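Dear colleague,

Please find below the structure I would like to hand over to you, followed by an account of what was found in it.

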Amino acid sequence: MDLRLQLRLCEDQRRIPHLIRRSIAVAAGCIVNAAGEVLIAQRPEGKIAAGKWEFPGGKIEVGERADQALVRELEEELGVHASAFRPLVRITHDYSDRKVVLDTWLVTAFSGEPHGREQQAFAWVRPERLFDYPLLGADGPIVASLRLPQDYVFTPEGIDEAALVSGLPLLPKGALLRLRQPALSDAAYKALAGRLAPACKRLGLLLMLDRDPAMVAELGAAGWHASAAALSAQTSRPLAEEFWFAASVHNEAELAQAQKAGADFLVVGSVNPTPSHPQGKVLGWSGFAALADQANRPVYAIGGVRPRDREQAFAHYAQGVAGISAYWSVPSSS
Ligand SMILES: Nc1nc2c([nH]c(=O)n2[C@H]2C[C@H](O)[C@@H](COP(=O)(O)OP(=O)(O)OP(=O)(O)O)O2)c(=O)[nH]1
Ligand SMILES: [Mg+2]
């Protein structure tokens, strides 16, 4: 093609970016050190969104896999060789001038001392302090993913209080715990939640309640969990940003509803058939991954999955696994 014509076409394209909705595939790494801090870098002068902070990484090249791009970008930008990593969360974000599809990875082992090869500043930050840095607009769900644990435990239905209390110290450290007791009246549920909240705090468990969202702040719990039924009545975020807002999702319509309501993270299933929901729709791992891929937020896999299935869950972009029976020594139907 004639060079002048080519230049002219490029110029025209620059003028109508809003008409050409380019989608950019990006791989980014959340490098975690032994102290549990994560590495962020400041975008250097001359790049788009200069001055904002980000998880190091860059564009996936033609013919390259996301994991290959991750390793290459971390070497190019930081002089670090990533040797152990796994998928974290996948995000599609629409900036006004471009659409970005971000494949993020949790990097748990690397060699080399990070240094800003592009003269960019960088910092090791505890996940709960990441809000102190102006991160790129797409990165909120990555921060949520870094702050959340790998296990989401539900209480067995009808478990007695003594068994519940004695089981708490045996749960994985830092786990989310949903107090799910559908047979209790609201008053009995609230009383039980009030007795459990201090113990959960002491043990570092994140207590999630599923009745009136106002109960969460009142009792000092960690957040609110919306069942699919509760979610259908929810058009906006029902509690303050400082608390977690989770939702159960089984299909695309419920996913859209959870996104509209502004849920921070989801529980998606059933991945496998379970005795407790024999008639429930089974997604399989591929159905799970299809929903997780559109979620734009961390997603736990539920339904016939156990902590030992975690690696498989990660491979399908899960935050981790959720369940009942795998976590308690009392008999349960799940
Ligand atoms: N690396 C990274 N990019 C992000 C994050 N969040 C986010 O929206 N992005 C966007 C910003 C950019 O539009 C795109 C990454 O492109 P980039 O400019 O870093 O690409 P690159 O490293 O290959 O740089 P270049 O050589 O092409 O300039 O993804 C993030 O946390 N990390
Ligand atoms: Mg980059």
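In this predicted model, Gly-223 of strand S11 is the bridge partner of Met-208. Strand S10 (residues 206-209) and S11 run parallel and are joined by 2 bridges. Between S10 and S11 the chain passes through helix H6 (residues 214-219), and the resulting β-α-β crossover is right-handed.

S11 comprises residues 223-226, and all of them are buried. Gly-223 and His-225 point one way from the strand, whereas Trp-224 and Ala-226 point the other way. This arrangement follows a general pattern: in a regular strand, side chains alternate between the two faces of the sheet.

S11 also pairs with S12, again in the parallel sense, over 4 bridges. Within that pairing, His-225 has Ala-246 in S12 as its bridge partner.

The second region to report is helix H8, which spans residues 252-261. Its buried residues are Leu-255, Gln-257 and Ala-258. Viewed down the axis of H8, these buried residues fall within an arc of 160 degrees, so they line one face of the helix. Glu-252, Ala-253, Ala-256 and Lys-260 are exposed on the other side of H8.

The cover over the buried residues of H8 includes strand S12 (244-249) and strand S13 (265-268), together with helix H7 (228-232) and helix H9 (284-295). S12 thus appears in both parts of this account, as a parallel partner of S11 and as part of the cover over H8. Just after H8, Gly-262 adopts a positive phi of about 85 degrees.

With kind regards

Methods: Residues are numbered from 1 along each chain as its sequence is written. Chains are lettered from A and ligands numbered from 1 in the order in which they are written. This is a predicted model: local features need pLDDT of at least 70, side-chain atom pairs count only at pLDDT 80 or more; totals for chains, interfaces and linings use all residues. A residue is buried if 20 or more other C-beta atoms lie within 10 Å of its own, exposed if 12 or fewer, and partly exposed in between; C-beta atoms are placed from the backbone. The arc is that of the directions from the helix axis to the C-beta atoms. Two residues are in contact if their C-beta atoms, placed from the backbone, lie within 7 Å. Two strands pair if DSSP finds at least two bridges between them. A crossover is right-handed if, with the strands pointing away from the viewer, the path from the first strand over the helix to the second runs clockwise.
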